[in-house]
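Got your viewer open? Load the model and have the selection tool at hand; the tour goes one stop at a time.

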2 protein chains.
Amino acid sequence: MIARSALLTDLYQLTMLQGYYRQNMQETAVFEFFVRRLPEDRGFLMAAGLQQVLDYLQQLHFSREELQWLAETGQFDSGFLERLAGLRFTGDVHAMPEGTVFFPDEPILRITAPLPEAQFVESRIINLLHFQTLIASKAARSVLTVPDRLLVDFGFRRAHGGETGLLAARASYLAGFGGTATVAAGQQFGIPVYGTMAHSFIQAHASEREAFLHFAHANPGNVVLLIDTYDTEAGARQVVEIAPILGEQHITIKAVRIDSGDLAEHAHRVRRILDRGGLHQVGIFASSSIDEYVLQQLRQQRAPIDGFGIGTRMDTSADAPYLDCAYKLQEYAGIARRKRSEGKSTWPGRKQVYRRCDPDGLLLEDIVTVHEAPCAGQPLLQQVMHAGRLTSPLPALDASRDYALQQLQSLPEPLRRLQKPPDYPVRISPELQELAQVVDRKIQ
Amino acid sequence: MIARSALLTDLYQLTMLQGYYRQNMQETAVFEFFVRRLPEDRGFLMAAGLQQVLDYLQQLHFSREELQWLAETGQFDSGFLERLAGLRFTGDVHAMPEGTVFFPDEPILRITAPLPEAQFVESRIINLLHFQTLIASKAARSVLTVPDRLLVDFGFRRAHGGETGLLAARASYLAGFGGTATVAAGQQFGIPVYGTMAHSFIQAHASEREAFLHFAHANPGNVVLLIDTYDTEAGARQVVEIAPILGEQHITIKAVRIDSGDLAEHAHRVRRILDRGGLHQVGIFASSSIDEYVLQQLRQQRAPIDGFGIGTRMDTSADAPYLDCAYKLQEYAGIARRKRSEGKSTWPGRKQVYRRCDPDGLLLEDIVTVHEAPCAGQPLLQQVMHAGRLTSPLPALDASRDYALQQLQSLPEPLRRLQKPPDYPVRISPELQELAQVVDRKIQ
């Protein structure tokens, strides 16, 4: 379900490669992926998508039909198309593990490969890393806001595409969500899948009561009843009435779901109705335009809600729908390079990021430096691919999720703020500053 | 490249279907897709994505592996899984043609099918229609702002996924863009593909001049030179210097591209440099965080820019990254239905939308009414599928694009405004209001 075509790229990759092959420019190039600045109201980001990048690099090739189509465009000569037919990724990859918290100017991925390969993969690498990093970073904010509640991704329908919905489920699970409604994410990634009924199920029946009973009989292990189709509190009373009937049939109602109106007010009322009816063990699950800001409000209102379905606003990262990220050439043929366009200049050369924490394990500062310079702290970039092959199997998604939760725990309180978090100190080492000056002098 | 798995859906579709099959609830259901309200600063929307919806409906089935995986979850009984194995879409589809301008409360798609089929397809239909409609609606705003300029989709890298980048290229082309940088969109949809070089191409060479010459020799038919890697005006002067050299080799420079800084200021200066150098025919192409608001500004500044690469902000619809849309049950077993949840109630029954225009062809008002009621105006929903088969081939993408441009021309000036457009009059017919009252009385 993850699109594999080598044509999922920008045309300029091909026109540039035609130039590189013609001049035989195939020495080693180093590109790095990083974020230039954080969106407003983001204190940190969480790296995600590495697995899909490595899958992409391992399977990269042009099919015969794709080459045929390229030939028909008339833009490419036959010698170049032969080179493309043989194109594989044979380089090295260094990366921060998925789930790592990171900050602007810090490379989270470094590609070292012959120039045409390292260049060609730019478009899809950005496409894959950008999206999952965007979503994991957004989802982590909900996780930090209500760490003791079940959070479920409900966003497939308004995610920007099918592959997208699948990867949003993965990224949010990585960041600490408990599961997703997207069935394919269960099959592909082993993520727990949640879901019961829509309003249409209630409406298709002659009455709400009949709909509840039918659903429970058909899905006795998964009885979560949607109670707001007509009147939320009446729906809750209906649940109290049918609970003993289902109980006699050894069917337990797990929870009710509320999907409209003032969620805190309804949850308080519904909790009272359920409790008075003896249904203390029946949980309340809420959905409807929820994001971390709404969660914060509901928490302040002490809304008795046990779990949340979080959809559109997370799967589209609605308050910050993109990151200002880039994949830039930092070195070619052994010489460090630097882009100096206004407002878009980069730090040159191969880099490493070191992290320093306080004795409690809370983040203190990061240092970005040239990769071979000695530096105190924990290096964050690790080699994951050598000569086109994985150096070792990547961690399972659940292991990455555990690591991500540890990473979130290492965030000092100010960085967790949903609004106006402070800047985290990312220092550029003297060695890297000097390298930048050397590169600048050469350009002049 | 468009993901096909039947598991790209929400779990509740399956749990509901298990209920429907168990009760043998397979009478005809009618669902409609519509948008509840416009995002801020949107005067209209443009329908898009129907082709992909119809492709999805025609190929819908569960593979053996998918059924096997569902069985292993333990949530579904074997009788139900057998039903799923035979699930195909056998219903009817009525829809507004792609490219149609539409407004809130107007169904743009109606599905009429046995309840389990009509229900099951909800998640992916929303997923497909929502995204392309979102992007076509956003792209149309740029088209209306600079109708006399070339607009090219540059958004693949920060689109939310691979399939997404491909569909964003399609939706923006439908809305009037001239092409895309995404190669796969050329192959899949026949959309013109544009692109030349990135900054890395310049940086990998010893000098900008060398990079320009190498590129021109490798791509003599497609010479657009990126001039802002080090200094935009110096880059323009470089272009003036090499133009005669390339001219002797019968290579023409088509354009230069600027990708940073104050685009209007640079464009004015670069235009002067090119003109003084005799390069009147060399165009200026600009990119870098462009959207319709920036285009409006550049137009006011009379920036001499001939074409624009429009990326992230369009492919993510950054100022409105989602639509408040829904796919709702409107009728089951011959009886009109209505959801009444707070803030989410819907108009019941099968509906048709009629449009009235003034003598110049400009939109006057739309009327939403029950589908068989007589009404003056042009009906917008047309039957496109009968019993699971297309009633006739859909129009080619270029024909839909022509139709979309006509639709945009039918918009009165106020609706085209980028900020605070007025509400367009969408009237609910007396017949439909009466039907809603009848349905409400029944529920009570």
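Start by selecting α1(B) and look at what surrounds it: the buried residues of α1(B) pack against α8 (183-189), α9 (199-204) and α10 (208-218) of chain A, together with α4 (78-85), α5 and α6 of chain B. Here a residue is buried if 20 or more other C-beta atoms lie within 10 Å of its own, exposed if 12 or fewer, and partly exposed in between, with C-beta atoms placed from the backbone. The helix and strand names come from DSSP runs (helices are H or I, at least four residues; strands are E, at least two), numbered from the N terminus.

Before moving on, a word on what you are viewing. This is a predicted model, in which local features need pLDDT of at least 70 and side-chain atom pairs count only at pLDDT 80 or more, while totals for chains, interfaces and linings use all residues. Residues are numbered from 1 along each chain as its sequence is written, and chains are lettered from A and ligands numbered from 1 in the order in which they are written.

**Stay on α1(B)**

How many of the twelve residues of α1(B) are buried? Eleven of them are, so you can call this helix mostly covered. Among the buried ones are Leu11(B), Tyr12(B), Met16(B) and Tyr21(B). Try the distance tool on the end C-alpha atoms of α1(B): they are 17 Å apart, which agrees with the 16 Å that twelve residues should span at 1.5 Å a residue. That expected span is 1.5 Å times one less than the number of residues. Just after the helix, click Asn24(B), which takes a positive phi of about 55°.

**Zoom out to both chains**

Now colour by chain. 85 residues of chain B are in contact with 85 residues of chain A; contact means that the C-beta atoms of two residues, placed from the backbone, lie within 7 Å. Which element gives the largest share of chain B's side? That is α1(B), with eight residues. By class, the side of chain B that touches chain A has 36 nonpolar, 35 polar and 14 charged residues. For these classes, Ala, Val, Leu, Ile, Met, Phe, Trp, Tyr, Cys and Pro count as nonpolar, Asp, Glu, Lys and Arg as charged, and the others, Gly among them, as polar.

Next, superpose the chains. Chain B can be laid on chain A with an RMSD of 0.0 Å by a turn of 180° and a shift of 0.0 Å along the axis. That is the relation of a two-fold axis. The copies meet through the same surface, because 100% of the interface residues of chain B are also interface residues in chain A.

**Hop over to chain A**

Select residues 11-135 + 321-443 for domain 1 of chain A and 146-315 for domain 2; these bounds come from an automatic or database domain assignment. The C-alpha centres of the two domains lie 39 Å apart. Where they touch, 14 residues of domain 1 of chain A are in contact with 17 residues of domain 2 of chain A. The largest share of the domain 1 side, six residues, comes from α15(A).

Then pick Leu67(A), in helix α3 (residues 64-73) of chain A. Leu67(A) counts as partly exposed because it has 17 C-beta neighbours inside 10 Å. The C-alpha atom of Leu81(A), 14 residues away along the chain, is separated from that of Leu67(A) by 6.8 Å.

Last stop: Tyr354(A), which stands opposite Pro379(A) in β16(A).

Notes:
Least-squares fit on C-alpha atoms with pLDDT ≥ 70 in both. Pairing = 2+ DSSP bridges.
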